[in-house]
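Me: I'm new to this one and would like a close look at how its sheets and the pieces packed around them fit together. Could you take me through that in one go, in plain words?

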Amino acid sequence: MSFNAQQLARPELLTLVPYQSARRIGGQGDIWINANESPFNNSDLEQLNRYPECQPPELINAYSQYTDVAANNIVATRGADEAIELLIRTFCIPGKDTIATFGPTYGMYAISAATFNIGVKKLTLTEDFQLPSQWQQQAAEAKLVFICNPNNPTGSVINKAQLEQAIQSMPNTIVVIDEAYIEFCPAQSVADLLSLYPNLVVLRTLSKAFSLAGARCGFLLANDDIIDLVMRVIAPYPVPLPVAELASKALSKTGINLMQQQVAELNRQGQKLAQELANVAAKVIAPNGNFVLAKFKQVDLVKQLLIDNGIVARAYSDPVLADAIRFSFANKQQTDAIISVIKQIE
Ligand SMILES: Cc1ncc(COP(=O)(O)O)c(C=O)c1O
């Protein structure tokens with residue numbers, strides 16, 4: 001059986017006529033009174049009194065240029081978090097379907113699933129953070145398989161050949177590769193495999209390397225059938241106009257250059273931090289994103305030391321990560337300050 005997105009989708013979506021927003025219907029004329037908008041624009045931003053396009057073309061085209069993925073294979077969302085939720089709502093039947101994840105990993109796959117009463121098959125990465133053998137059997141029932149690459153919070157990567165094998169080995173399941181941190185290791189991206197695999201979805205965000213976490217802008221990259229189904233579920237206006245403008249600017253040539261310079265600097269600072277951590281931690285996982293995970297013998301003492309010095313890092317309640325702390329990369333001044341505190345760890 002070849003991949004069929006419609007067969008995987010929630011059946012009620014196949015006949016659903018998406019909400020016909022005034023923007024979608026469009027029209028021609030000078031007096032626009034079809035969307036109960038105000039005629040007064042009280043902002044410096046043009047057209048802020050009007051609803052935005054569902055998928056602002058300037059933004060989609062900019063992301064298409066940046067990724068080399070066709071514009072019609074891109075959906076802009078309110079952060080990658082919304083893309084995760086949209087996939088679950090598009091493909092999973094509450095109370096019946098499941099998703100699969102490989103932990104320890106980003107928490108929102110499971111939480112998003114739980115909010116829709118979708119089951120989660122929680123598989124575990126191997127000790128060196130690779131996909132476990134025979135995982136396909138255990139994930140056989142899953143509608144969506146989420147693989148975070150680079151993985152948050154471990155910072156590890158699964159190499160591209162392994163990912164391609166994973167995508168190939170589940171031809172009737174949607175394999176979602178979350179590339180939220182991919183700008184920190186761009187060679188690992190599988191976005192170029194989209195044209196080969198109809199069951200592949202890639203998630204991206206402007207929250208990390210592009211420094212726009214506050215703007216809430218992410219992207220879902222997929223083939224036409226999946227895009228068509230997701231567009232039936234998405235809100236009529238998911239991308240606020242100011243966000244589209246900011247995001248398009250960040251994706252200009254100048255914006256991309258700036259991002260790349262900052263990524264290089266963060267990688268430099270992060271390597272420095274990781275080396276320093278290696279002197280005092282029980283284990284440090286080589287970072288591929290903009291963070292490094294370290295495990296400590298006396299983690300509570302380290303946590304207290306960080307708190308006492310005003311450093312807010314991330315600790316975990318998950319028993320697998322009970323002795324771990326994740327340090328996001330910071331600027332030089334902050335990194336030097338963190339390192340001087342780390343040196344105090346015995
Ligand atoms: C792996 C991963 N995916 C997705 C997200 C969510 O990104 P966004 O800010 O675009 O919603 C995060 C945020 O930390 C993340 O770590």
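Reply: Let's begin with the four-stranded sheet of this predicted model. The sheet is open, its strands run in the order S8-S9-S11-S10, and the pairing is antiparallel. At its edges sit S8 (283-284) and S10 (314-315), and each of these pairs on one side only. If you're wondering what holds such neighbours together, strands of a sheet pair through backbone hydrogen bonds, either parallel or antiparallel. You can see one case at the edge strand S10, which pairs with S11 (residues 324-328) in the antiparallel sense over two bridges. There, Arg-314 stands opposite Arg-326 of S11.

Now turn to the other sheet, an open one of seven strands. The order to trace is S1-S7-S6-S5-S4-S2-S3, and the pairing is mixed. Its edge strands are S1 (74-77) and S3 (119-124), each of them pairing on one side only. Ignoring direction, neighbouring strands in this sheet are turned by 20 degrees against each other on average. A good pair to pick out is S4 (residues 144-148) with S5 (residues 174-178), which run in the parallel sense and are joined over five bridges. Among the matched residues, Cys-148 has Asp-178 in S5 as its bridge partner.

Keep those two residues in mind, as both turn up again around the ligand. Cys-148 and Asp-178 are part of the set surrounding it, which also includes Gly-79, Ala-80, Asp-81, Tyr-106, Asn-152, Ala-180, Thr-205, Ser-207, Ala-213 and Gly-218. Sorted by class, this shell has five nonpolar, five polar and two charged residues. Which element gives the most to the shell? That's H5, with three residues.

So H5 deserves a closer look. Helix H5 lies across S1, S2 (98-103), S4, S5, S6 (200-205) and S7, and runs at about 150 degrees to S6. Besides lying across those strands, H5 has helix partners. One of them is H6: H5 (residues 79-91) and H6 (residues 108-115) pack with their axes 9 Å apart, at an angle of about 45 degrees. Because of that angle, H5 counts as oblique to H6. The two cross in a right-handed way. On the H5 side the meeting residues are Asp-81, Ile-84, Glu-85 and Ile-88, and on the H6 side they are Met-108, Tyr-109, Ser-112 and Ala-113. That contact is made up of five nonpolar, one polar and two charged residues. Notice that Asp-81 serves in two places: it meets H6, and it is one of the residues surrounding the ligand.

Another partner of H5 is H9 (residues 224-233). Here the axes are again 9 Å apart, but the packing angle is about 95 degrees, which means H5 is roughly perpendicular to H9. Leu-86, Arg-89 and Thr-90 of H5 meet Leu-229, Val-230 and Val-233 of H9. By class, you get four nonpolar residues, one polar and one charged in this contact.

Next comes H4. This helix lies across S1 and S7 (218-221), at about 120 degrees to S1. H4 (residues 57-67) also has a helix beside it, H10 (residues 241-250): their axes come within 9 Å and cross at roughly 25 degrees. That angle is why H4 is called roughly parallel to H10. The crossing of this pair is left-handed. From H4 the contact takes Glu-58, Leu-59 and Ala-62, and from H10 it takes Ala-244, Ala-247 and Ser-248. Four of these residues are nonpolar, one is polar and one is charged.

Finally, follow the chain out of the seven-stranded sheet into its loops. Where does Pro-150 lie? You'll find Pro-150 in the loop between S4 and H8 (160-169), and a cis peptide bond, with omega about -5 degrees, joins this proline to Asn-149. Pro-153 has its place in the loop between S4 and H8 too. A cis peptide bond links Asn-152 and Pro-153 as well, with omega about 15 degrees. Asn-152 brings us back to the ligand, since this residue belongs to the set surrounding it. One last loop to check runs between S3 and H7 (135-138), and it holds Phe-129. The phi of Phe-129 is near 65 degrees, a positive value in a residue other than glycine.

Key: Residues numbered from 1 in each chain as written. Predicted model: local features only at pLDDT ≥ 70, side-chain atom pairs only at ≥ 80, totals over all residues. Pairing = 2+ DSSP bridges. Axes fitted to C-alpha atoms, helices over the stretch in contact; angles between N-to-C directions. Parallel < 35°, antiparallel > 145°, perpendicular 65-115°, else oblique. Left-handed = near helix turned anticlockwise from the far one by under 90°. Contact = placed C-beta atoms within 7 Å. Nonpolar A, V, L, I, M, F, W, Y, C, P; charged D, E, K, R; others polar. Near = placed C-beta within 6 Å.
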